[in-house]
Amino acid sequence: MDGEMRVEEATDEYGLDYLSVVTEFTIVQPVARPGRPVSTRMVVSHLGEVGFFDTGGERWEAWPLWERAVAPAHCVEGHYFTPFFGDEAPEGERPKGPELDAYDLDDARDMEECGAVGDT
């Protein structure tokens, strides 16, 4: 796992100041079909922020914002990820856009919902 966590002062689009806790990390998981050796790796990049707003008194309000990029995965509807193996027919929507580096957090920020990635 590679990544970082930082805390910084920030201002939202309405001009409100808040405390921002930012997390950015990449996890690489080996994936195998049942009964077979490892045949691909899934690269999951998590990009997140939790904004803490002072509401006065002793209370703070937290607003989370999470994004994630997963590759290589089938581009199917739903909130789950199905790994893509190079020797199978694609399922779901075809990846689009320029081929991005699955290990690069900057590329993960720019990845479209069903973005193309290079070798993992």
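This passage describes the fold, the nonpolar cores, the surface patch and the salt bridges of a predicted model.

The protein chain contains 1 helix and 6 strands, and these elements follow one another along the sequence in the pattern β-β-β-β-β-α-β. Of the 120 residues in the protein chain, 36% are buried. The accessible surface of the protein chain comes to about 8,500 Å², and carbon and sulfur atoms account for 51% of that area. When contacts between residues at least 6 apart in sequence are considered, 36% of them join residues that are at least 24 apart.

The pairing of the strands can be followed from β2 through β3 to β4. Strand β2, which spans residues 17–31, pairs with β3 in the antiparallel sense over 13 bridges, and within this pairing Val21 stands opposite Val50 in β3. Strand β3 also pairs with β4, again in the antiparallel sense, over 12 bridges. Two positions illustrate the register of β3 against β4: Val43 has Ala71 as its bridge partner in β4, and Glu49 stands opposite Leu65 in β4. The two strands β3 and β4 form a hairpin with 5 residues between them, and in the turn Gly56 has a positive phi of about 95 degrees. Because 11 of its 15 residues are buried, β3 is largely enclosed by the rest of the structure. In a regular strand, the side chains alternate between the two faces of the sheet.

The interior of the model was examined next. In soluble globular proteins, nonpolar side chains tend to be buried together. In this model, the largest nonpolar core consists of 10 residues, namely Val43, Leu47, Ala69, Ala71, Leu100, Ala102, Leu105, Ala108, Met111 and Val117. The elements that give two or more residues to this core are β3 (40–54), β4 (60–71) and α1 (105–110). Val43 and Ala71, which both belong to the core, are also the bridge partners named above for β3 and β4. Met111 is another member of this core, and, when residues up to four places away in sequence are not counted, Met111 touches Ala69, Leu100 and Val117. Apart from this core lies another, of 6 residues, among them Val31, Met42, Val44 and Ala73.

Nonpolar residues are also found on the surface, where Val7, Leu19 and Trp60 form a patch with about 300 Å² of accessible area together. Leu19, which lies in strand β2, has a relative accessibility of 33% and therefore counts as partly exposed.

Turning to charged side chains, a search of the whole structure finds 3 salt bridges, and Glu4, Arg6, Glu8 and Glu24 are linked in a network of such bridges. Arg6 takes part in each of the pairs described here, meeting Glu4 at 3.4 Å from N to O, meeting Glu8 at 3.3 Å from N to O, and meeting Glu24 with the closest N and O atoms 3.8 Å apart. The pair of Arg6 and Glu24 links distant parts of the chain, since Arg6 lies in strand β1 (residues 2–11) and Glu24 in strand β2, 18 residues apart.

The members of this network can also be described by their accessibility. Glu4 has a relative accessible area of 41% and so is partly exposed, Arg6 is partly exposed at 29% relative accessibility, and Glu8 is partly exposed with a relative accessible area of 33%. Glu24, by contrast, has a relative accessibility of 9% and is therefore counted as buried, because the buried class covers residues under 20% relative accessible area. The network thus joins Glu4, Arg6, Glu8 and Glu24 through salt bridges, with Glu24 as a buried member and Glu4 as a partly exposed one.

How values were computed. Residues numbered from 1 in each chain as written. Predicted model: local features only at pLDDT ≥ 70, side-chain atom pairs only at ≥ 80, totals over all residues. Heavy atoms only, no water. Core = buried A, V, L, I, M, F, W, Y, C linked by side-chain atoms within 4.5 Å. Buried < 20%, exposed > 50% of the residue type's maximum accessible area, 1.4 Å probe, protein only. Helix = DSSP H or I, 4+ residues; strand = E, 2+ residues; numbered from the N terminus. Contact = heavy atoms within 4.5 Å. Patch = residues over 30% accessible without salt bridge, like charges linked within 9 Å, V, L, I, M, F, W, Y side chains within 5 Å. Areas by Shrake-Rupley, 256 points an atom, 1.4 Å probe, with all protein chains shown as cover. Salt bridge = Lys/Arg side-chain N within 4 Å of Asp/Glu carboxyl O. Pairing = 2+ DSSP bridges.
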